[in-house]
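The following exercises concern the structure shown below. Each task is followed by a solution that proceeds step by step.

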Amino acid sequence: MSRLLTEDRLQPVAPELATAPVIPAYLEHHYWWAYVHPRAVHVFERDWLVNLILFGNYRRLRDRAMMALGSPLAGSTLQVACVYGNLTPRLIQRLEPDAKLCVVDILPVQLGNLSRKIPDDARVTLVQGDSSALTDSDASHDQVLLFFLLHEQPENTRRATLREALRVVKPGGRVVIVDYHRPHRWHPLRPLMKWIFARLEPFAHDLWEHPLDDYLPADITCQRIQRSTWFGGLYQLLVLER
Ligand SMILES: C[S@@+](CC[C@H](N)C(=O)[O-])C[C@H]1O[C@@H](n2cnc3c(N)ncnc32)[C@H](O)[C@@H]1O
């Protein structure tokens, strides 16, 4: 069940929508330090730190995602999961006057953080919900964005998230994914990333072992899939056209 965040940003708009979704075990167990702990936001919500974690590629990754979504941003866009940094404020700047942006995230602390980063804007809605069980209707968005979410999810959740993203996007619309990818054999950061994944990001190595296509639902077809990688293959962009 999702919860809309209104003007004072954390109040459910209707009592019947007040049941919060369950926080997934993988977030509590493996990512408490990054997202769940109330102090996580104070540590990680720094542009320079986000850029450092991405080895100086933050702007490029953010801009590639925005270009793939379209500029200006028309119709209805769903951003699945909040992100540290200024991606969402930048998306809002690109919204056409009658366009809409909805950001869904499972954690109120992350939605609260996002609400402090963005201006009051009637075109923007923040919703508490689970990426693997969205409450949006079929074909209700023109674009869906998954920015560095899938590598944090166990396989079943990753599959469900992709299925949901494809379900809620309109025919002709697109799902834009930016995430990790297997780097080239002699990439100098390969050992470091392997070490980080082994200690902190237990599901991320899947994206080195498998193309994202392996997690797409077999019964939902895409008209076209565009793929690109960069920074020695460490990052990938996938655009799924419905
Ligand atoms: C998008 S991911 C990674 C973002 C990346 N590290 C960054 O900040 O640029 C982090 C967000 O995903 C959210 N998240 C993780 N699993 C989720 C799920 N099943 N449903 C909705 N949000 C989820 C977390 O609450 C967190 O806010």
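**Exercise 1.** Determine where A139 is found and what is notable about its phi angle.

*Solution.* In this predicted model, A139 belongs to the loop between strand 4 and strand 5. Its phi is positive, at about 50 degrees, although the residue is not a glycine. Most residues other than glycine have a negative phi.

**Exercise 2.** Identify the salt bridge that D138 forms, and establish which parts of the chain the pair links.

*Solution.* Begin with the partner: D138 forms a salt bridge with R167. Next, check the distance. The closest N and O atoms are 2.7 Å apart, and the cut-off for a salt bridge is 4 Å. Then place both residues. R167 is in helix 8 (residues 155–168), while D138 is in the loop between strand 4 (124–128) and strand 5 (141–147). The two residues are 29 residues apart, and the pair links distant parts of the chain. Over the whole structure, a search finds 12 salt bridges.

**Exercise 3.** State whether the peptide bond joining S71 and P72 is cis or trans, and locate P72.

*Solution.* Omega is about -5 degrees, and the bond is cis. Most peptide bonds are trans. P72 lies in the loop between helix 5 (58–69) and strand 2 (76–80).

**Exercise 4.** Describe the surroundings of the ligand, from the pocket to the individual polar contacts.

*Solution.*

1. Pocket: the ligand sits in the largest pocket.
2. Shell: the ligand has 19 residues around it, of which Y26, Y35, Y84, D105 and S131 come nearest. The shell comprises 12 nonpolar, four polar and three charged residues.
3. Side-chain contact: a polar side-chain atom of D105 is 2.7 Å from an oxygen atom of the ligand.
4. Backbone contacts: a backbone N or O atom of S131 lies 2.8 Å from a nitrogen atom of the ligand. For I106, a backbone N or O atom lies 3.3 Å from a nitrogen atom of the ligand.
5. Cover: on its own the ligand has 590 Å² of accessible area, and the protein covers 95% of this.

Definitions and conventions
Residues numbered from 1 in each chain as written. Predicted model: local features only at pLDDT ≥ 70, side-chain atom pairs only at ≥ 80, totals over all residues. Heavy atoms only, no water. Near = heavy atom within 4 Å. Polar contact = N/O pair within 3.5 Å; in protein donor to acceptor, adjacent residues only side chain to side chain. Areas by Shrake-Rupley, 256 points an atom, 1.4 Å probe, with all protein chains shown as cover. 1 Å grid on protein atoms, 1.4 Å probe; cavity = no way out; pocket = protein on both sides within 12 Å on 5 of 7 lines; lining within 4 Å. Sits in = over half its atoms within 2 Å of the grid points. Nonpolar A, V, L, I, M, F, W, Y, C, P; charged D, E, K, R; others polar. Salt bridge = Lys/Arg side-chain N within 4 Å of Asp/Glu carboxyl O. Helix = DSSP H or I, 4+ residues; strand = E, 2+ residues; numbered from the N terminus.
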